[in-house]
Protein chains: 4
Amino acid sequence: MKYPEFLRKLKRGPQVILPKDFGMIAAFTCVGHESVCVDAGSGSGWLACMLGNICKKAVSYEWREDFAEIARKNAERAGLKNVEVKVKDVFAGIDEQDVDLVVLDLADAEKAVAHAYAALKKGGSLVGYLPHAEQVQKFVAACKESGFKEEEIFTIENMVREMLVRERGFRPDTKGLWHTGYLTFAKK
Amino acid sequence: MKYPEFLRKLKRGPQVILPKDFGMIAAFTCVGHESVCVDAGSGSGWLACMLGNICKKAVSYEWREDFAEIARKNAERAGLKNVEVKVKDVFAGIDEQDVDLVVLDLADAEKAVAHAYAALKKGGSLVGYLPHAEQVQKFVAACKESGFKEEEIFTIENMVREMLVRERGFRPDTKGLWHTGYLTFAKK
Amino acid sequence: MKYPEFLRKLKRGPQVILPKDFGMIAAFTCVGHESVCVDAGSGSGWLACMLGNICKKAVSYEWREDFAEIARKNAERAGLKNVEVKVKDVFAGIDEQDVDLVVLDLADAEKAVAHAYAALKKGGSLVGYLPHAEQVQKFVAACKESGFKEEEIFTIENMVREMLVRERGFRPDTKGLWHTGYLTFAKK
Amino acid sequence: MKYPEFLRKLKRGPQVILPKDFGMIAAFTCVGHESVCVDAGSGSGWLACMLGNICKKAVSYEWREDFAEIARKNAERAGLKNVEVKVKDVFAGIDEQDVDLVVLDLADAEKAVAHAYAALKKGGSLVGYLPHAEQVQKFVAACKESGFKEEEIFTIENMVREMLVRERGFRPDTKGLWHTGYLTFAKK
């Protein structure tokens, strides 16, 4: 597997959301040209950049100044002017209104779900990216409590593996990545 | 799993590329605001619409007039003016030049690889969406012959399953989708 | 996928442990000719029969008289004289001593873990077959509390899918089984 | 994941069949107390030992004297007297008659399929363990040509991953094994 040119320009500091997971977010929310997205925390800003690349605007919350700086530099490297990195604690609230997508990729994400609900427009999507089953349970419970439509909440796991395509034969690679995080989708 | 609002507006006629596979294409090529994409065959035009939603322009080749009509209607339903559906055989060549992405989703895709190479800009991506191992072998061979960089060719399989998150417990769904197509990426 | 002749003779009443999961139990415990196994609950007795087929003795606990009868008949159909089905609540204790394997396939399995520990010989294996993450957590906690070696406790998921091997190509089947239960192994 | 005590005694020299794959063979053929099995090539003899542990007799073919010696020593370490390792080329034929199971784990396995058919009893099983799609195609074709029942031939892939069950949460392990070999089953 090779990262696209776009990502090769970026530095990889703190934890990043991988292309495969960005792909699921893009696909199951269908954000696009007109969409405004918020994500927290920024980490290295990869997700903000990938969203900025396909959307009108991407705002990224990160309370650590040093990480925010990495994310900002990455947006510059990607040549994106529509990515804004805010040094701010998402648990204190989201400034933006009527956004199309909020992605929460941080511990205790469930505590920011009500803020996400407040920031989203009707029909907008919330995504939680969480590695553990117990976190997903809490996140889903918070979504229901905050008013997200129960019948629209779902959680997926996506497993991407490389296939070796050689003259001596076609086969999956022997070893590889089995898990990053579960992705939970909710809709306002 | 629920389709996003964007896709619920579309009709599902002939074979479609599913969100999970569109997500991989978006993620591993990082097409965006400025990108021009070509895909063939259109089928119901879902891929063209999903690409049109995040890119500058999406051109879709379909030799069957009836399918092309379905795809065109779907682009209208999606409110996309940057999606063009051409009733044309992709095996006869691609009109566009300097495009960022060509996606081939049709039998004998390997026979259109040289046309894709000709249409792509330097650094542009070709994606083959093929269900069978033997097709992937032929496609990869055609990529090498047509001049795509060998070290940038790779093939993935992505398996997406739903997790059931209920009060009585967290678990994967019992049954579900195991395979759509393998995705092969090549770079000019 | 086809069941082996051995299983085709058996009736399928209440929930059964599938061949793929029996296979993992056989493989990761390596019970054999000289082994004595206990399982609870019997369900249709498939696991007891498959264990009886490779071990010296298999004793199966089932508190429902009607299920026990189905399991007994299945052992007869399989021509096994070393399978004993007891109408007994495993939560009240296990009569056997120095057994090589105990498999718990029932709700609240964690409540029978201490009984399993008491019944096992040193070096013997306990297996918990549980569909939900939360059940696995409780089961693992009970194993640690009951004296099973912490460094030998592990949990696996096994996903078996069918590959279609046809003249028109090799590919995974489109749909299929994604989840039965997680398997937790512990060692006395 | 931990290997069972039984396997920890064995040396690991040339390529071995892993417990997960032995488990599938045991489960989908249901060999047991009364069964006679043949496998080729022996490699380190792990499969022969695991089969010997649950069956009446296991005969293992290996043309390399040095590998055969490793396999023999492993059978001794396992304390198995019913495992016989023959220094013989399986492509020259199988001596045994009316066997219950033949497992072929070697390159060009399709060339030994007719010998396997000749050695098996009616209702007996052939298993091919092959890493590549193209090998599986050839193997399945050879099974059909040799007289195995077409409707009983099937191929599976089994993916086993470890789940991390910790106080801070339940999740799949990040990385791990994705592929060993495809398993093809045929029945006489």
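## Strand assignment and the model

A strand, as the word is used here, is a DSSP run of E spanning at least two residues, with numbering from the N terminus. In that sense Lys86(C) belongs to strand β3 of chain C, which covers residues 83–86. The structure described in this report is a predicted model.

## Overall form of chain A

The secondary structure of chain A consists of 6 helices and 9 strands. Its C-alpha atoms occupy a box of roughly 55 × 40 × 30 Å along the principal axes. For 188 residues, a compact globule would be expected to have a radius of gyration near 16 Å, and the 17 Å found for chain A agrees with this.

Of the 188 residues in chain A, 64% are classed as buried. When contacts between residues at least 6 apart in sequence are considered, 66% of them connect residues at least 24 apart.

## Surface and charge of chain A

Chain A exposes about 7000 Å², of which carbon and sulfur atoms contribute 49%. The chain carries 28 positive and 27 negative side chains. The centres of these two sets are separated by 5 Å.

## Strand β4 of chain B and its partners

Strand β4 of chain B comprises residues 99–104, and 6 of its 6 residues are buried; the strand is therefore largely enclosed by the rest of the structure. The cut-off behind this statement is a relative accessible area under 20%.

Which strands pair with β4(B)? One partner is strand β1 of chain B, residues 36–40, which runs parallel to β4(B) and is joined to it by 4 bridges. Within this pairing, Val103(B) of β4(B) has Asp39(B) opposite. Another partner is strand β5 of chain B, residues 120–130, whose pairing with β4(B) is likewise in the parallel sense and extends over 5 bridges. Here Gly128(B) of β5(B) is the residue opposite Leu104(B). In a regular strand, side chains alternate between the two faces of the sheet.

## The environment of Lys86(C)

Is Lys86(C) of strand β3 buried or exposed? Its relative accessible area is 15%, so Lys86(C) counts as buried, given that the limit for this class is under 20%.

With residues up to four places away in sequence left aside, Lys86(C) touches Val59(C), Ser60(C), Tyr61(C) and Glu62(C), together with Asp95(C) and Glu96(C). Two acidic residues, Glu62(C) and Asp95(C), are thus among the contacts of this lysine.

## Cis peptide bonds

In chain C, the peptide bond between Ala40(C) and Gly41(C) is cis, with an omega of about -10 degrees. Gly41(C) is situated in the loop that connects β1 (36–40) with α3 (46–52) of chain C.

Chain D contains a cis peptide bond from Ala40(D) to Gly41(D), where omega is near -10 degrees. The location of Gly41(D) is the loop between β1 (36–40) and α3 (46–52) of chain D. Most peptide bonds are trans.

## Positive phi at Asp108

Most residues other than glycine have a negative phi. Asp108(A), a residue other than glycine, has a positive phi near 60 degrees. Asp108(A) sits in the loop between β4 (99–104) and α5 (113–119) of chain A, and its relative accessible area of 37% makes it partly exposed.

In chain D, phi of Asp108(D) is positive and near 60 degrees. This residue occupies the loop between β4 (99–104) and α5 (113–119) of chain D. Asp108(D) has a relative accessible area of 36% and is accordingly partly exposed, the class that lies between the 20% and 50% limits.

Notes: Residues numbered from 1 in each chain as written. Chains lettered and ligands numbered in written order. Predicted model: local features only at pLDDT ≥ 70, side-chain atom pairs only at ≥ 80, totals over all residues. Heavy atoms only, no water. Rg over C-alpha atoms; globule rule 2.2 N^0.38 Å. Buried < 20%, exposed > 50% of the residue type's maximum accessible area, 1.4 Å probe, protein only. Contact = heavy atoms within 4.5 Å. Areas by Shrake-Rupley, 256 points an atom, 1.4 Å probe, with all protein chains shown as cover. Lys, Arg positive; Asp, Glu negative; His and termini not counted. Charge placed at Lys NZ, Arg CZ, Asp CG, Glu CD. Pairing = 2+ DSSP bridges.
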